[in-house]
Amino acid sequence: MSGSLNSILSVARSGMLAQQRALQVTGNNIANASTPGYSRQRAEMVPALAITLPQGVLGTGVEVADVTRARDFLLDATLRRDVASFESSSFQERELLRIEAVLAEPSDAGLASALNAFWDSWSDLANNPSNSSARAVVASQGQQVVDFFNRAANSFGAIRADLIDSVQVSVSEANRLIGEIADLNGPISAATAAGQAAPDIEDRRDLLLDELAALTEITVSPRAIGGIGVSINGISVVEGTIASRLDATFVGGSFSIQTGEGLAVAIADGSIGGAQRLLEVDLPAVENDLDELARGIVQRANGIHTGGTTPLGTTNVLFFDDFGDAALVGAQNLQLSDDVLASLDNLAAGSGGPGGEYQSGANDVALALAALRTDTTGGVLDGRSINDAYQELVTEIGVLAASAGSTSSGSEILVSAGVARRQSVSGVSTDEELVKIVQLQAAFSAAARIVSVVDEMYQTILSI
């Protein structure tokens with residue numbers, strides 16, 4: 001008789017302990033309801049090993065077999081892919097808007113305004129070719145154009161330097177995350193091998209993977225006994241507890257990323273991928289177009305100005321310095337010629353007389369220079385006027401920024417949807433956990449009641 005009662009007590013005890021452990025897990029869920037990266041945990045209860053008696057097979061209670069976490073591997077992979085795309089496009093949009101701001105269009109501070117003022121100054125000089133004040137305005141407006149090109153080139157150089165710094169910082173951060181992920185593989189695998197769960201450590205590892213996905217696209221592959229492998233575009237950077245360091249190298253305006261073993265890593269997404277596209281494609285294209293525009297202005301303006309005769313009676317005078325070859329001119333080094341800087345009388349408004357002598361009323365050169373705003377002949381601008389070439393540059397940057405913004409908005413929607421789906425699987429609902437607490441409390445009380453009943457039965461037996 002006492003053996004049967006002891007068995008009942010053992011069953012009740014297992015129920016009380018199991019509900020107590022489950023209550024601890026539920027309380028931990030509530031405590032971490034707002035903890036970033038935390039996944040809802042669950043105490044997995046299974047029947048204890050049954051025993052076989054002459055009367056039949058009897059259960060021996062319940063036990064907590066494991067503490068698992070609610071997580072969907074495929075949801076994580078999809079969300080990380082969307083996060084990498086969003087971070088890449090949003091980074092590009094932000095920096096392209098910064099590039100667009102350098103041109104300051106449309107505004108009075110932009111190159112379009114400076115060019116129009118420059119052409120207008122030649123028109124004014126054509127109206128009064130011998131007026132020294134008009135010559136001074138031409139030189140001043142020419143210097144305004146030069147200053148804009150120089151300033152824009154310096155600003156683009158600063159953006160390039162910032163992008164390089166950003167890549168270096170991001171690669172260093174990626175190395176830290178890769179190292180920590182590899183380090184966490186060790187205790188997770190050890191716990192799994194021992195038949196134990198490590199949900200909190202796995203959550204920490206997944207949070208690091210999410211952070212790494214914001215820097216570069218990654219592929220996560222499960223390995224035996226709880227470990228994972230991480231690769232970037234097919235190149236392994238984490239295998240078990242082994243981590244590969246990434247190194248960024250900048251050569252000739254582009255950069256490459258390699259592992260410590262010398263394997264090239266192609267990165268297309270994430271903030272690193274966005275910076276790489278800007279450094280290798282978008283920013284060089286803008287700089288090249290701006291340099292081409294500077295060369296076009298020098299070629300066309302000098303081509304006309306050198307055909308005129310200055311008040312000093314000289315010809316073949318450059319308005320802009322061409323350094324001996326216009327191909328050497330760029331936005332960074334654009335400048336007025338030494339002759340123009342030395343004296344306003346080195347400005348030519350018209351052609352010379354029959355003998356090449358200066359003609360004070362001649363204005364054909366000034367008129368031709370004023371017409372450059374719409375002229376499409378000659379030079380490196382491929383049949384475009386200077387104003388049109390500049391407008392195309394402004395439009396190109398705007399289109400790039402708009403495209404990146406559109407991609408960013410679309411990716412943001414996917415990320416928000418992915419976060420919501422993950423939250424529905426892994427998130428903690430305090431209302432649901434409170435309902436669970438009531439259920440566990442009732443189960444614990446019922447098991448305790450069994451103990452009371454067995455105690456009463458013992459008292460009855462002892463009283464006989």
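This passage walks through a helix pair and a small sheet in a predicted model. Residues are numbered from 1 along each chain as its sequence is written, and side-chain values use heavy atoms, with hydrogens and water left out. Because the model is predicted, local features need pLDDT of at least 70 and side-chain atom pairs count only at pLDDT 80 or more, while totals for chains, interfaces and linings use all residues.

The sheet comes first. Four strands line up in the order β5-β6-β7-β8 to make an open, antiparallel sheet; strands here are DSSP runs of E with at least two residues, helices are runs of H or I with at least four, and both are numbered from the N terminus. Two strands count as paired if DSSP finds at least two bridges between them. At the edges sit β5 and β8 (242–243), each pairing on one side only.

Working across the sheet, β5 (residues 219–222) and β6 are joined antiparallel by four bridges, with Val220 partnered by Val230 of β6. These two strands make a hairpin with five residues in between, and Ile225 in that turn has a positive phi of about 45°. Four bridges also link β6 to β7 (residues 235–239), again antiparallel, and here Gly229 stands opposite Glu239 of β7. The β6–β7 hairpin has two residues between its strands, and Asn233 in the turn has a positive phi of about 50°. Finally, β7 and β8 pair antiparallel over two bridges, where Val238 has Ala243 of β8 as its bridge partner.

How much of β6 is tucked away? Five of the five residues of β6 (residues 228–232) are buried (under 20% relative accessible area, against over 50% for exposed and in between for partly exposed, with a 1.4 Å probe and protein chains only), so the strand is largely enclosed by the rest of the structure. In a regular strand, side chains alternate between the two faces of the sheet. In β6, Ile228, Val230 and Ile232 are buried on one side, and Gly229 and Ser231 are buried on the other.

Helix α4 lies across β6, β7 and β8, running at about 50° to β7. Helix α4 (residues 132–193) also packs against α5 (residues 199–215), at about 155° and with axes 9 Å apart. Axes are lines fitted to C-alpha atoms, for helices over the stretch in contact, and angles run from 0 to 180 degrees between N-to-C directions. The two helices are therefore roughly antiparallel (over 145 degrees; under 35 is roughly parallel, 65 to 115 roughly perpendicular and the rest oblique). Contact means heavy atoms within 4.5 Å, and the residues involved include Leu177 and Ile181 of α4 and Leu208 and Leu212 of α5.
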